[in-house]
Amino acid sequence: PTQGCCLAHITTQLACLERGCPIDLLFQSIAGTQAANASFGVTLSLLREGCERVLEHHRGRDVAWVGDQVMYFETGQGSALSAEAHHGVDQLTLEPFLVNSVVGFIGPEYLYDERQITRAGLEDHFMGKLLGLPMGCDVCYTNHAAADQNSADNLMLLLAAAGCNYFMGVPCADDVMLNYQSTSYHDAAVCRKIFGLRPAPEFLAWLEERGLFCDQQLVLGDGAARQKLLQGVGQVLENAGSGS
């Protein structure tokens with residue numbers, strides 16, 4: 001029930017599309033000023049072109065989730081400041097209020113410690129609610145920030161209580177590609193259990209169909225369900241290795 005998204009520059013993704021690669025969601029980091037976006041190599045016309053090309057691409061695909069929403073944007077407070085493109089305006093005002101706030105990713109140069117990361121995460125979530133955005137949060141911190149997994153868990157629970165739409169799922173909460181700490185798959189499951197929440201309807205149906213969710217909780221302890229899931233993963237990896 002999900003759509004794939006590759007966190008590459010928009011021009012790289014469009015080049016892949018030109019060569020026949022499917023694109024579900026088109027990603028780009030964006031910022032709150034024109035100069036900051038220019039430092040990312042992004043313009044409004046480029047984003048518009050990308051959106052139009054992916055929409056055209058989707059019209060030729062036989063998938064259930066095709067719709068009009070094809071763009072995925074993210075960044076964190078401090079993008080404009082790090083590019084020296086803030087024009088003296090504070091970080092919160094220049095946060096472009098996205099689909100996802102990667103709150104502590106830029107590092108302690110812009111959000112120094114756990115208190116500032118917590119404040120920024122709640123600020124971004126609040127602004128998302130004001131604007132009616134289904135925003136999520138990557139509750140994260142860099143390894144050289146004055147923060148740890150305890151403070152990340154605190155922010156995650158605060159955001160869950162405030163109605164945050166989703167969190168990131170990274171194995172063991174350790175993003176080895178980008179070298180920062182985030183939240184894991186089981187963190188989202190714990191939040192749902194603590195606050196009496198349910199997965200999104202499409203995801204819930206997918207979980208129940210595969211015997212992974214029953215009576216409002218995960219049932220991965222069941223040997224048969226676990227084995228079926230692992231067999232499915234193995235088949236996906238085998239197909240990927242053979243190029244099929």
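**Figure 1. Counting the salt bridges.** In this predicted model, the tally of salt bridges comes to 5. As a bit of background, side chains with opposite charges can pair up when their charged atoms come close. The views that follow zoom in on some of these pairs.

**Figure 2. Arg53 meets Glu18.** Here the side chains of Arg53 and Glu18 join in a salt bridge, with 2.9 Å from N to O. Arg53 sits in helix α3 (residues 44–58) and Glu18 in helix α1 (residues 10–18), so this pair ties together parts that are 35 residues apart in sequence. Check out the surroundings, too: Glu18 is exposed, at 61% relative accessible area, while Arg53 counts as partly exposed, at 24%.

**Figure 3. Arg53 also pairs with Glu49.** Stay with Arg53 and you'll find a salt bridge to Glu49, where the closest N and O atoms are 3.4 Å apart. Both Arg53 and Glu49 belong to helix α3, and they are 4 residues apart, which is about one turn of the helix. Glu49 is partly exposed, with a relative accessible area of 36%.

**Figure 4. A little network.** Put the last two views together and you get Glu18, Glu49 and Arg53 linked in a network of salt bridges.

**Figure 5. Glu209 and Arg210.** Now hop over to another spot in the chain. Glu209 forms a salt bridge with Arg210, and their closest N and O atoms are 3.8 Å apart. How much of each residue is accessible? Glu209 is exposed, with a relative accessible area of 61%, whereas Arg210 is partly exposed, at 28%.

How values were computed
Residues are numbered from 1 along each chain as its sequence is written. This is a predicted model: local features need pLDDT of at least 70, side-chain atom pairs count only at pLDDT 80 or more; totals for chains, interfaces and linings use all residues. Side-chain values use heavy atoms; hydrogens and water are left out. A salt bridge is a side-chain nitrogen of Lys or Arg within 4 Å of a carboxyl oxygen of Asp or Glu. Helices (H or I, at least four residues) and strands (E, at least two) are DSSP runs, numbered from the N terminus. Buried means under 20% relative accessible area, exposed over 50%, partly exposed in between (1.4 Å probe, protein chains only).
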